[in-house]
Amino acid sequence: MRVHEEASEDKEREVEEAPDLMPLSPPPTAAATAAVVAVAGQRLVVGYALTKKKVKSFLQPKLLSLARKKSIHFVSIDETRPLSEQGPFDIILHKLTDKEWQQVLEVYREEHPEVTVLDPPNAIQHLHNRQSMLQEVADLNLSNAYGEVCTPRQLVIMKDPLSIPSAVAKAGLTLPLVAKPLVVDGTSKSHELSLAYVETSLSMLDPPLVLQEFVNHGGILFKVYVVGETIRVVRRFSLPDVNIYDLENNDGIFRFPRVSCATNTAEDAEVDPSIAELPPKPLLEKLGRELRRRLGLRLFNFDMIREHGRKDRYYVIDINYFPGYGKMPGYEHIFIDFLLSLVQNKYKRRLSGS
């Protein structure tokens, strides 16, 4: 697992030209992998099934230009035609949530094991529900010399808003609470947050939802992108800390749009160094590697916060499949190198007969 950190504008240009990767083991160079494609005598064909919004944000001109130089060809998949009649593909990228498409893709994977599907639909489903999303992090129980990784205590509410206060009391959760939609369906609404300060306001929430205990974290969130064995970390502004005054003087529900979007970057902001300091690389490498293995995914990100006043305690609060990589500095080189590495690994398996 390799770690990138957010760079300044000048450094970012350097990253885009020659990404400063930290490999767990020496990776194949992009030139060497591109040579494998050339030896095979054909282009690398990547089919994609993405929403219009995702196509615009991900397939940016610079990515497409770099792909052409590396003999990678992106082809749009027509959902109205049988998938088996399209292609042939070497790789399929997708982020469509309807069940019919998921079933089509599962059948295609069984019939075409030679095609790499990023990522398996059944693995992605795990992240569509916030009840199960963080379970792998909790089960990991990661704690080492570099820190401890936790998940917030949470409670799932399926219906009946009037029952929420008693359910919270029974579960022993401490206010304030962050409310998030239970289902993550790719819409902006599924990423909206609400903050409830007092018990009487809980019945104003709209189930189904997940309630998470709010953890003060200095108003800074670390967004950790995973692309295969490479990770990159960026800072984002988050919800501000809550103090006693807030608890005593707020009695409603405060709703927030998507908090950690790219416009909330905290890279150039004047922030207390103890709050802005990135999580230790060895901890992120271990966490990224374990989540990749446990989730069965190669394209995802997770939101992490550091408990204010606890330098070594971190919380993972959200995980997303195929996030907005277009907002990740230097993503073009990272993603193209990842696609080429898939080809080389497949080529090596063929040579070894496995």
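Two strands count as paired if DSSP finds at least two bridges between them. In this predicted model, E9 and E10 satisfy that criterion, since three bridges join the two strands, which run antiparallel.

**Overall composition**

The secondary structure of the protein comprises 13 helices and 16 strands. The chain has 354 residues, of which 49% are buried. Contacts between residues at least 6 apart in sequence are mostly of long range: 73% of them join residues at least 24 apart. The exposed surface of the protein amounts to about 17500 Å², and carbon and sulfur atoms supply 51% of that area.

**Strand pairing around E8 to E14**

Strand E10 spans residues 193-196. Besides its bridges to E9, E10 pairs in the antiparallel sense with strand E14 (residues 253-256) over four bridges. Leu193 and Leu195 point one way from E10, Ser194 and Ala196 point the other way, and all are buried. Strand E8 presents another pattern: Leu155 and Ile157 point to one face and are buried, while Gln154 and Val156 point to the other face and are not buried. In a regular strand the side chains alternate between the two faces of the sheet. E8 is joined to E11 by four bridges in the antiparallel sense.

One bridge from each of several strand pairs is listed below.

| Residue | Bridge partner | Strand of the partner |
|---|---|---|
| Leu155 | Leu211 | E11 |
| Leu177 | Ala196 | E10 |
| Leu193 | Phe256 | E14 |
| Leu93 | Leu118 | E5 |

**Helix H9**

Helix H9 covers residues 164-171, and its buried residues are Ile164, Pro165 and Val168. These residues lie on the same side of H9, because they cover an arc of only 100° around the axis. An α-helix has 3.6 residues a turn, so residues three or four places apart point the same way. The buried residues of H9 pack against strand E8 (154-157), strand E9 (177-181) and strand E11 (209-213). After H9 comes Gly172, which has a positive phi near 75°.

**The parallel sheet**

An open sheet is formed by four strands in the order E3-E2-E4-E5, with parallel pairing. Strand E3 (72-76) and strand E5 (116-118) are the edge strands, each pairing on one side only. From one strand to the next, the twist averages 20°. Within this sheet, strand E4 (residues 91-94) pairs with E5 in the parallel sense over three bridges. Helix H5 (residues 99-111) lies across strand E2 (44-49), E4 and E5, and runs at about 165° to E4.

**Aromatic pairs**

A search of the whole structure finds 10 aromatic pairs. In one of them, the ring centres of Phe322 and Phe335 are 6.4 Å apart and the planes lie at 20°. Planes under 30 degrees apart count as stacked, so this pair is stacked. The pair links distant parts of the chain, 13 residues apart: Phe322 belongs to the loop between strand E16 (313-321) and helix H13 (331-352), whereas Phe335 belongs to helix H13. Buried means under 20% relative accessible area. Phe322 is therefore buried, with a relative accessible area of 0%, and Phe335 counts as buried at 1% relative accessibility. Ring pairs also link a cluster that consists of Phe58, Tyr225, Tyr321, Phe322, Tyr325, Tyr331, Phe335 and Phe338.

Technical notes: Residues are numbered from 1 along each chain as its sequence is written. This is a predicted model: local features need pLDDT of at least 70, side-chain atom pairs count only at pLDDT 80 or more; totals for chains, interfaces and linings use all residues. Side-chain values use heavy atoms; hydrogens and water are left out. Rings of Phe, Tyr and Trp (its six-membered ring) pair if their centres lie within 6.5 Å; planes under 30 degrees apart count as stacked, over 60 as edge-to-face and the rest as tilted. Buried means under 20% relative accessible area, exposed over 50%, partly exposed in between (1.4 Å probe, protein chains only). The arc is that of the directions from the helix axis to the C-beta atoms. Contact means heavy atoms within 4.5 Å. Accessible areas come from the Shrake-Rupley method with a 1.4 Å probe; for residues, only the protein chains shown count as cover. Axes are lines fitted to C-alpha atoms, for helices over the stretch in contact, and angles run from 0 to 180 degrees between N-to-C directions.
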